[in-house]
Amino acid sequence: MRFPFALTKKIASHIVKHKLKKTPKFAMVLQLEPLHTCNLTCTGCGRIREYSTSLKDMVPLEQCLQAAMECDAPMVSICGGEPLIYPKIEELIAGLLEQGRVLYICTNGMFMRKKMRDYLAAVYSPAIESKLKALLDGKLITDKEAETIRKSDDAAKKKVVIRPTKWMYWNVHVDGLEFTHDLIVEREGVFKECIEAIKMAKVLGYQVATNTTVYKETDVQEIEDMFKYLSSLEVDGHTISPGYDYDAAKKDMVKRLGKDPKQFFLTRDMTRQKFAKIQEWGKAFTIFGTPVYQEFLAGKRELTCTAWAIPTYNVKGWKAPCYLMTDGHYGGYQEMLSKVQWEKYGVVNGVARDPRCEHCMVHCGYDPSGALGTNYQSGDNWKNFKYNFGAKPKPYPASPALVTRAFNGTSIGKGHLAEAKAITNSPAASARGAFSRNVAEPAATPAAHVGSSCGTGDTSERDDLLAKIKDAKKEN
């Protein structure tokens, strides 16, 4: 099977139950943001602008668990912010698993190995020496870390930890190969840490997925190479979604930068061009999402937005109408369902009901549409069944050439900061008026910032820089 049977059965049973009850609207996935704090400063993030006054706020553990009970979504995506910063993240994961949820821990990967070392310390016995040896041989832990694990005390063994389970995925943010990903997150070395965390997780028996956002300047061939490399590491699945002109970021671009957002964000036509091969990728790699949604991304059909099926709960309450737009926050999920005028949003028959919806094709609005049968066409149920229960694609063959293509940045002395400075300050760039300012080093201690792993953010600075680099490479 492409996906674990138990997980597929849980989701299918949830849909069938509500279809039989004729529930008009119900949650499929809860996007739970226990905090908006992050350890990275991803370029042009939209969350930092919308929630700039509440970055230090956190949703209490009991409130997080209650939100999951309230909407009763079978799946919970714990995001943010960086959720592994949340002080009660282990207890939150344990509580949601006790409720019977399928979990996705959306992380930038920087704290994953620390959390997995905590797990090893909690369960250590001579029986896991073979795993420690594999981790040491792969240089995924140090000799000192291995000794700390072996000498774990009673406190370490009693600690609540994040354990491998078929009901949970690490969902690691990866937006390209080394050079591109490090550029987007504004720190060299992040891609390498993500890969090492993924490798460690696979040794220890965790399920691992990745999530990727496609932007205007994204190189489609690079995304395919990224899938090949991640597949060779036996990553269990991938989420991929087009970027979106996040409302708060778009307003900021006009007001502060005096720029036209249309120059930077993906239109629907651009999205379809970028995702022209999505169905081929779906056959070659384990792409999460229905084949119906893939057809939509490729421009072969239309779907109606079902944002209510993937609600967001955060420090302000239930965010509406969707993950990307905020016209209000509500105290309860049912209150949100009843008070939001859903007919005011989305695109129907090619016409945007709200101007902000015009170019949106993101997974959190349209992926559930493929599962729920909106805009149903004959054969859709069979497509979904065949895709879910079909054979899982085999891992892509590992090779030195694949590794070389993946580590194309700081690992070979070509980190994004050095190349960006050289190109943007070159005589040719100056003659064209490219980048009137120097590219600054990241702060030694990055300010709290929200990651861009869910396809949000003002991407103008990054897109501008990527375009300049591409332009300069053509001239050299």
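Start by selecting Lys319 in strand β8 and His329 in strand β9: these two are bridge partners. Strands here are DSSP runs of E with at least two residues, helices are runs of H or I with at least four, and both are numbered from the N terminus. Before you click on, note that this is a predicted model, in which local features need pLDDT of at least 70, side-chain atom pairs count only at pLDDT 80 or more, and totals for chains, interfaces and linings use all residues. Residues are numbered from 1 along each chain as its sequence is written, and side-chain values use heavy atoms, with hydrogens and water left out.

**Around β8**

Now show β8 and β9 in full. They run antiparallel, joined by 4 bridges, and a hairpin of 4 residues takes you from one to the other. Next, colour β8 (residues 317-321) by accessibility. 5 of its 5 residues are buried (under 20% relative accessible area with a 1.4 Å probe, protein chains only; over 50% is exposed, in between is partly exposed). So β8 is largely enclosed by the rest of the structure.

Go back to Lys319 and look the other way: Thr312 of β7 is its bridge partner there. β7 and β8 run antiparallel with 3 bridges, and the hairpin linking them has 2 residues.

**On to β1**

Stay on Thr312 and pick Gln31, its bridge partner in β1. Select β1 (residues 29-32) and β7 (residues 312-314) together: this pair runs parallel, with 2 bridges.

**The whole sheet**

Zoom out and show every strand. You should see an open sheet of 9 strands with mixed pairing, in the order β6-β5-β4-β3-β2-β1-β7-β8-β9; two strands pair if DSSP finds at least two bridges between them. At the edges are β6 (237-242) and β9 (326-330), each with a single partner strand, so one side of each has no neighbour in the sheet. Ignoring direction, neighbouring strands are turned by 25 degrees against each other on average.

**Last stop: two helices**

Select α6 (residues 129-137) and α7 (residues 143-150). Their axes come within 10 Å and cross at roughly 165 degrees; axes are lines fitted to C-alpha atoms, for helices over the stretch in contact, and angles run from 0 to 180 degrees between N-to-C directions. That makes the two roughly antiparallel (over 145 degrees).

Show side chains for the contact (heavy atoms within 4.5 Å): Glu129, Leu132 and Leu136 from α6, with Asp143, Ala146, Ile149 and Arg150 from α7. By class, that contact has 4 nonpolar, no polar and 3 charged residues.

Key:
Parallel < 35°, antiparallel > 145°, perpendicular 65-115°, else oblique. Nonpolar A, V, L, I, M, F, W, Y, C, P; charged D, E, K, R; others polar.
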